[in-house]
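Work through these exercises with the model open beside you. Try each task before you read its solution.

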Amino acid sequence: MNRQFSTLSQCIRENEKEFSQATGAYTGLMNEILVAAKIISQEVNRAGLSVINILEQTDNINVQGEVQQKLDIFANSSLKNILKRSPYLCAIISEEDEKPTIIPGNVIKGKYILSMDPLDGSSNIDVNVSIGTIFSISRKLSSGTEVTKDDLLQKGENLVGAGYIIYGSSTVFVYSTGNGVHGFTLDPGLGEFLLSYPNMKIPSKGTIYSVNEGNYDLWSDQQKKCVEYLRKRDKATSPPYNARYIGSLVADFHRTMLKGGIFMYPANSIAPNGKLRLLYEAIPLAYIVENAGGKASNGFQRILEIHPNEIHQRVPLFIGSKENVEMAEKFLSGEHK
Ligand code: P6P
């Protein structure tokens, strides 16, 4: 029987037809990301083999002040080496690099800028928890031969696309170019990402909340009240909520996309802007969740409307089903008693 399936490459090409001015540049860029995703997936899945000894930590501390895992460096270099071959990219912002990588040969014709967290959650690698790559694509705004600060620090509203790849029991590539959200599962035998989650929509309300309750004592009173409400079992919250927290953003977010509910990384008295990064974590996932009918804010303001001031700035994140995020926002504003 002839198996009917769509590959990621086919869907990216189909996408291009939806944009009359498309030149094929975006398609080419997405296909480079796809290749990098396969390479990283293979390495992540081999990481447990001691002969590879890529599980180890390095002696390096990255710009985030975190111990770099060998796989972090591998993922960052794999993505950059492949993406630099793309004539469509003039700059790459990475969680692993203090400064943006400007691609000199592309500054004139390269009309895109990529922001990425090459391997988020890598501290979970040695316990075999799912980890992921997060990326977003924006257009170079300036016409000159320089990549300006305004080119690099754009609001999420300007994105032309975003996605994440989750390396778990299977490798799933989820992306959006503004016309819906689509997920593709890697078939290792074929070496192709096959359409597995067409036109993803997040439930409007869910019964799972995801937050690190170990930070409870550090939260504001409003944040405490919000989580106490979710913990309580009474008629107002039936069916009761379940708590799920993996500690790997892409894994917690992917579950939220599929099952609904809310993921929160709130501000706290030690980290007044929370832990997660605006440009290459919150913005791409906010773009995805909004295109799937969900919501993302810092508790008060829509993530996609926040103008970044610097490439590694942090932001509190409330993301998931629209009704759940709106409820959390009501607690934070004091409106929900
Ligand atoms: P905490 C992983 O280190 C990460 O950057 C995200 O993937 C995850 O959501 C968050 O940190 C977990 O942070 O403070 O709860 O351990």
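**Exercise 1. The largest nonpolar core**

Task: Find which residues touch the most other members of the largest nonpolar core. Then find which element supplies the largest share.

Solution.
- Step 1. Keep in mind that this is a predicted model. Its largest nonpolar core has 44 residues.
- Step 2. Tyr-164, Phe-253, Met-257, Ile-303 and Ile-319 touch the most other members.
- Step 3. Look at the elements. At least two core residues come from each of strands S3 (89–94), S7 (161–167), S8 (171–176), S13 (262–265) and S15 (317–320), and from each of helices H6 (249–259) and H7 (278–291).
- Step 4. H7 gives the largest share, 10 residues.
- Step 5. Check the domains. Domain 1 (8–197) and domain 2 (208–333) each give this core at least three residues.
- Step 6. Another core lies apart from this one. That core has 38 residues, including Cys-11, Tyr-112, Met-116 and Ile-131.
- Step 7. Recall the general trend: in soluble globular proteins, nonpolar side chains tend to be buried together.

**Exercise 2. One core residue**

Task: List what Met-257 touches, not counting residues up to four places away in sequence.

Solution.
- Step 1. Start with Tyr-164 and Val-181, which Met-257 touches.
- Step 2. Add the run Met-200, Lys-201, Ile-202 and Pro-203.
- Step 3. Finish with Ile-288, Val-289 and Ala-292.

**Exercise 3. A strand covered on both faces**

Task: Are the residues Leu-317, Phe-318, Ile-319 and Gly-320 of S15 buried or exposed? Which strands pair with S15?

Solution.
- Step 1. Use the rule for strands: in a regular strand the side chains alternate between the two faces of the sheet.
- Step 2. Sort the residues. Leu-317 and Ile-319 are on one side of S15, and Phe-318 and Gly-320 are on the other.
- Step 3. All four are buried, so both faces are covered.
- Step 4. Now the pairing. S13 and S15 are antiparallel, with four bridges. Here Met-264 stands opposite Phe-318.
- Step 5. Strand S14 (residues 295–297) also pairs with S15 in the antiparallel sense, over three bridges. Lys-295 has Gly-320 as its bridge partner.

**Exercise 4. Around the ligand**

Task: Name the residues that surround the ligand. How far from an oxygen atom of the ligand is a polar side-chain atom of Lys-275?

Solution.
- Step 1. The surrounding residues are Asp-120, Gly-121, Ser-123, Asn-212, Tyr-245, Gly-247, Ser-248, Leu-249, Phe-263, Tyr-265 and Lys-275.
- Step 2. Take Asp-120. An N or O atom of its side chain is 2.5 Å from a ligand oxygen atom.
- Step 3. Take Asn-212. Its side chain has an N or O atom 2.9 Å from an oxygen atom of the ligand.
- Step 4. For Lys-275, the distance is 3.0 Å.

**Exercise 5. A hairpin**

Task: How many residues lie between S9 and S10 in their hairpin?

Solution.
- Step 1. Locate strand S9 (residues 181–187) and strand S10 (residues 192–197). They pair in the antiparallel sense over five bridges.
- Step 2. One bridge joins Gly-183 to Tyr-197 in S10.
- Step 3. Four residues lie between the strands. In the turn, Gly-191 has a positive phi of about 75°.

**Exercise 6. Two loop residues**

Task: Classify Gln-154 and Ser-142 as buried, partly exposed or exposed. Then describe what they contact.

Solution.
- Step 1. Place Gln-154. It sits in the loop between helix H4 (149–152) and S7.
- Step 2. Gln-154 has a relative accessible area of 6%. The cut-off for buried is under 20%, so Gln-154 is buried.
- Step 3. Beyond its neighbours within four places in sequence, Gln-154 contacts Ile-113, Ser-138, Arg-139, Leu-141, Leu-279, Ile-283 and Pro-308. Its side chain also makes a polar contact with the side chain of Asn-158, at 3.1 Å.
- Step 4. Place Ser-142. This residue lies in the loop between strand S6 (131–139) and H4.
- Step 5. Ser-142 has 22% relative accessibility, so it counts as partly exposed.
- Step 6. Leaving aside neighbours within four places in sequence, Ser-142 is in contact with Thr-148 and Asp-151. The Ser-142 side chain reaches the backbone oxygen of Glu-146 at 3.4 Å.

Methods
Residues are numbered from 1 along each chain as its sequence is written. This is a predicted model: local features need pLDDT of at least 70, side-chain atom pairs count only at pLDDT 80 or more; totals for chains, interfaces and linings use all residues. Side-chain values use heavy atoms; hydrogens and water are left out. A nonpolar core is a set of buried Ala, Val, Leu, Ile, Met, Phe, Trp, Tyr and Cys residues joined through side-chain atoms within 4.5 Å. Buried means under 20% relative accessible area, exposed over 50%, partly exposed in between (1.4 Å probe, protein chains only). Domain bounds come from an automatic or database domain assignment. Contact means heavy atoms within 4.5 Å. Two strands pair if DSSP finds at least two bridges between them. A residue is near a molecule or strand if one of its heavy atoms lies within 4 Å of it. A polar contact is a pair of N or O atoms within 3.5 Å; within protein, one must be able to donate a hydrogen and the other to accept it, and residues adjacent in sequence count only if both atoms are side-chain atoms.
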